[in-house]
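Dear colleague,

I am passing on the structure we spoke about, so please open it alongside this message and follow the residues as you read.

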Amino acid sequence: MRSKKAFLNTTSSLILELVTIISGFIVPRLILSRFGSSYHGITSSITQFISYISLLTAGIGGVTRASLYKPLEEKDSQKISAIIKATENFIRRVAYIFAIGLSLFAILYPLLVLDDFGWFFSFTLVLILGMGTFVRYYFGLTYQMLLQADQKQYVIRFIEIITTVVNTLVAALLIKLVGNIHAVKLGSSLIFMANPIFVFLYVRHRYKIDTDAEPDNSAIEQRWDAFAHQIANFANNNTDLVILSFFTNLKEISVYTVYYGVSNGIRKLVTSVSTGVEAAFGNMIAKGEKKVLERNLSLFEFLIYSLSTLLFTCLGILIVSFVSVYTKGVTDVNYIRPEFGYLIAISEFFNCIRIPYQAVARAAGHYRQTRNGAIFEAVINIVISLVLVKRWGLVGVTVGTLCAMLFRTLQYSIYISQNIVNRSVFVTFKRLLISGVNSAGIVGAVSLLHLGKVTTYYTWFLNGLAVFGIALVITAGFSMVFYREDTKGFIRLVQGITRGRRKT
């Protein structure tokens, strides 16, 4: 059952990420070509600032999921209802606080961009971009956590796939016919509001939730420890843009978001493979299946390291040429930044390979034990980025992110090796060394090719196909040589899932 759910979760997540990537290229490109880099920059900046207000909910999701694994396994409806009630009470209080914070931000943020946009223009844009988040908190976030803990992320994903496709079509239509950024973003907000409402209705229909249950507040007592973890996550994903907002200009932010949009799409493809794995690990821990946990962790590491090495090496090689085509005709700022592209690829690699260690720690509910490492990660990112941003701009803040991600990945690996699973801490260093040599082999092989000059999406696609083919062959070779048992285990797992689906 765990394997079947994992297959559904992974498949739906991959489809969603592909749809999101396509949408993420179409809509921003249309905004860039119709409105210019400043408009693209301000919408990206506001979205990131709103995500910082969203820190109010940080920590509650992971703690709620960890608390639900055991009662879900035991089918204890009353315990599930008590945890859901406590979480819902907390989240709805947060929703009201968020509304107040959003209002204050809408008043103050326009003062930062007065040189480019009028106060009322920015004020209303903030409110439009933030309204969907409020609805998500109030209606769907709590029930989304329940579905995640029950390994049913695929329900959420299929809803998101539909709304993402609809949003892309509506946004493109509004950009062409109306030509007003407020109308475009209002249309998107209204469409995405459907997500939490559908989740709310689905859970109320499918689960026996006692809405009058006494809330079990003890189940979410570690939320402040988990809060530190989310702070670190936000620091790595958002600190760069916030610092750039204060020390550079909207055009530099536009450059950052274009590159980040590409790398973020690849990262989401990798993370989509991990959808449901934390819940599966939580189920193994709830059942006391330690050997099964260790075996599946090794398989999961193999998959994430191999996939990350393959995709992010290709990203480092191809990202600049893609951006050159994507921003063709946009001349108000230089988008060709090779060093920046390479650093983003490396930092996102480290961001992804921590996924297995993070999933095990969260599944075990070890938020308090790993809290200090999360705090230190955020400090590293902020301090180094602030020191380097004035001199190196985009490159400087990315160096800060890279240093923080490297530290946290190693810290997570060492912790779970010493406290949750029984193995040597040198397993991670071995995998990192193999990935480094693998990546160098791909770069070396590609350098022997004489790739054609990229002037269109078609020529970029041909180059990308050649690079990916070489990278795939080399990575597969490394897997056969260095991860023979993991490779066999992964093949058996896929065959088992496929046979199970055929029988079904």
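Below is what was found in it, beginning with the salt bridges and ending with a cavity.

Please keep in mind that this is a predicted model. The count of salt bridges comes to 11, and three of them are described here. In one, the side chains of Asp 216 and Lys 79 meet at 2.5 Å, N to O, and this pair links distant parts of the chain, with Asp 216 in the loop between helix 8 and helix 9 and Lys 79 in helix 4, 137 residues apart. Asp 216 is buried, with a relative accessible area of 14%, whereas Lys 79, at 34%, is partly exposed.

Another salt bridge pairs Glu 252 with Arg 337, their closest N and O atoms being 2.7 Å apart. Glu 252 lies in helix 10 and Arg 337 in the loop between helix 12 and helix 13, so the pair ties together parts that are 85 residues apart in sequence. Both Glu 252 and Arg 337 are buried.

Arg 431 and Glu 301 also meet in a salt bridge, at 3.6 Å, N to O, which connects helix 17 with helix 12 across 130 residues. Arg 431 has a relative accessible area of 5% and Glu 301 one of 0%, and Glu 301 counts as buried. Through shared partners, salt bridges join Glu 301, Arg 423, Arg 431 and Asp 486 into one network.

Finally, the structure holds 6 cavities of 30 Å³ or more, and the second largest has a volume of about 80 Å³. It is lined by 11 residues, and among those closest to its centre are Asp 240 and Tyr 256.

Best wishes

Definitions and conventions:
Residues numbered from 1 in each chain as written. Predicted model: local features only at pLDDT ≥ 70, side-chain atom pairs only at ≥ 80, totals over all residues. Heavy atoms only, no water. 1 Å grid on protein atoms, 1.4 Å probe; cavity = no way out; pocket = protein on both sides within 12 Å on 5 of 7 lines; lining within 4 Å. Points joined across faces, edges and corners; volume = space filled by probe spheres on them. Salt bridge = Lys/Arg side-chain N within 4 Å of Asp/Glu carboxyl O. Helix = DSSP H or I, 4+ residues; strand = E, 2+ residues; numbered from the N terminus. Buried < 20%, exposed > 50% of the residue type's maximum accessible area, 1.4 Å probe, protein only.
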